[in-house]
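Colleague: I've got a new model open and I'd like to learn how to read it. Can you walk me through the cysteines and the helix packing?

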Amino acid sequence: MENHFFVDSDELSPKALEIKHRIESDPKARTNHMEYLPGMDVLKSDICEKVMSHMKSYDYSKYTALDVRRALNHERCTIDDFKALLSPAAEPFLEEMAKRASQETSKHFGNTVYIFTPIYIANYCENYCIYCGFNCYNKINRLKLSLEEIEHEMKVISDSGMEEILILTGESPAMSDVRYIGEACKVARKYFRMVGIEVYPVNVSDYKYLHECGADYVTVFQETYDTDRYEQLHLMGNKRIWPYRFDAQERALMGGMRGVAFSALLGLSDFRKDALATALHVFFLQRKYPHAEMSLSCPRLRPIINNETINPLDVGEKQLCQILCAYRIFLPFAGITVSSRESAQFRNGIVKIAATKVSAGVSTGIGDHEDKYEKRKEATDVHGDEQFEIADERSLQNMYSDISAEGLQPVLNDYIFTS
């Protein structure tokens, strides 16, 4: 598979350019992406072996229409059924898959759709991931919010009616350490009933600390489960260590988190194999930790600053819909989130079929929620650039109204806390 990404090198320092070129040109200069770094928790878990065994042996070309029909006729979807539903042979059955997925969604979630919003509090990053707008060699405006600025942003969001927030940072332990993220969680708990974090993977003790600070759940994108492709795309930084990232959700559960979310970034590699691995990651971990809430996201590549040509390889909306329907049939109890990377039209449709959560009032930049929510014509504050371009810019009010118009029940939160 060709590499369709690039990083703008304009105005990098001579030393930064030298390091960048050395890393790109000399594989020996790179850290072994399959070996843990000192200080990283190493889990003795069999989950990874199970997932990768299925993914590596998955030959989706062998499945036929008969296999798909058999899968749809089964009351319970097996792993092999799921493989058939992800295969090209299932594409002509998309309408039937959508009908079955809709029935499963209604059975387990009723007609509810949950709404949340993300808040990016820093965009400094120490990783060189060549498809990401935050990567350390991409020339963008960098910003880290102070705790006062975080509280101001969160109050603006809370005043809009939002009750669930997802805190995100770039992956820089130096600029956004665990204590900083923990303090942000404490602030968030003052304004929101559900607090999620999507930050760099950390050790069990750090997840325990973040949970004590107020975090309820952890989201980690594996990006791609294809270890060879992963090595090509992640050239520098702790994120380069593939197995440490893979075990992040299990470490989070060991640290006391109530829930975890999984995803591959569809379009980085073979999307059918990545979709299979993502769902099996949930499937096997769910059996090991049956008390935990688990959910899937389904992001596709989006353009970034200095590279507007980034788009998902071979993953159109039809393929995305197939994946989501297969997810729902195979994992009927799992939550499924469809982000603002997708169009309003697609999201309006998929919440009636398989998705259970959507974001609203989204900004992937740093410190600009007040401008966005209050629609100020001129931004007077300094903002940090966004991680990627979004496709659906609807506010909470518009999203709430549109979901209701579809005959569904928008939900801001359904958790009751005793303390």
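Modeller: Sure, and keep in mind that this is a predicted model. Let's start with a cysteine: at 15% relative accessibility, Cys125 counts as buried.

Colleague: How do I read disulfides, and how many are there here?

Modeller: A disulfide is a covalent bond between the sulfur atoms of two cysteines. The count here is zero disulfides. Take Cys125: the closest cysteine sulfur belongs to Cys129 and sits 6.0 Å away, too far for a bond, because the cut-off is 2.5 Å.

Colleague: Then what about Cys77, buried or exposed?

Modeller: Buried, because its relative accessibility is 8%. Cys77 is found in the loop between helix 3 and helix 4. Leaving aside residues up to four places away in sequence, Cys77 touches Phe82, Leu85, Ile329 and Phe330. For a long-range pairing, look at Leu331: Cys77 is 254 residues from Leu331 in sequence, yet their C-alpha atoms are 8.4 Å apart.

Colleague: How does that fit with the chain as a whole?

Modeller: Take the contacts between residues at least 6 apart in sequence: 76% of them join residues at least 24 apart. The protein chain has 419 residues, of which 59% count as buried, and its secondary structure comes to 16 helices and nine strands.

Colleague: Let's move on to helix 4. How many of its residues are buried?

Modeller: Seven of the eight, so "mostly covered" is a fair description, with buried meaning under 20% relative accessible area. Those residues are Ile79, Asp81, Phe82, Lys83, Ala84, Leu85 and Leu86. They pack against helix 2, helix 3, helix 5, helix 12 and helix 13.

Colleague: And how do I read a helix pair?

Modeller: Two packed helices are described by the angle between their axes and the distance between the axes. Try helix 4 (residues 79–86) with helix 12 (residues 271–288): the angle is about 150 degrees and the axes are 10 Å apart. That makes helix 4 and helix 12 roughly antiparallel to each other, and their crossing is right-handed.

Colleague: Which residues of helix 4 and helix 12 make the contact?

Modeller: On helix 4 they are Ile79, Phe82, Lys83 and Leu86; helix 12 brings Arg272, Ala275, Leu276, Ala279, Leu280, Phe283 and Phe284. By type, this contact of helix 4 with helix 12 has nine nonpolar residues, no polar ones and two charged. The spacing is worth a look, too: an α-helix has 3.6 residues a turn, so residues three or four places apart point the same way.

Colleague: Could you show me another pair to practise on?

Modeller: Go for helix 5 (94–109) and helix 13 (317–330). Their axes come within 8 Å and cross at roughly 45 degrees, which means helix 5 and helix 13 are oblique to each other. The crossing of helix 5 and helix 13 is left-handed.

Colleague: Which residues meet in helix 5 and helix 13?

Modeller: Helix 5 uses Leu94, Met97, Ala98, Arg100, Ala101, Glu104, Thr105 and Phe109, and in helix 13 they meet Lys318, Cys321, Gln322, Cys325, Ala326, Arg328 and Ile329. The contact of helix 5 with helix 13 splits into nine nonpolar, two polar and four charged residues.

How values were computed: Residues are numbered from 1 along each chain as its sequence is written. This is a predicted model: local features need pLDDT of at least 70, side-chain atom pairs count only at pLDDT 80 or more; totals for chains, interfaces and linings use all residues. Side-chain values use heavy atoms; hydrogens and water are left out. Buried means under 20% relative accessible area, exposed over 50%, partly exposed in between (1.4 Å probe, protein chains only). Axes are lines fitted to C-alpha atoms, for helices over the stretch in contact, and angles run from 0 to 180 degrees between N-to-C directions. Helices (H or I, at least four residues) and strands (E, at least two) are DSSP runs, numbered from the N terminus. Angles under 35 degrees count as roughly parallel, over 145 as roughly antiparallel, 65 to 115 as roughly perpendicular and the rest as oblique. A crossing is left-handed if the near helix is turned anticlockwise from the far one by less than a right angle, and right-handed if clockwise. Contact means heavy atoms within 4.5 Å. Ala, Val, Leu, Ile, Met, Phe, Trp, Tyr, Cys and Pro count as nonpolar, Asp, Glu, Lys and Arg as charged, and the others, Gly among them, as polar.
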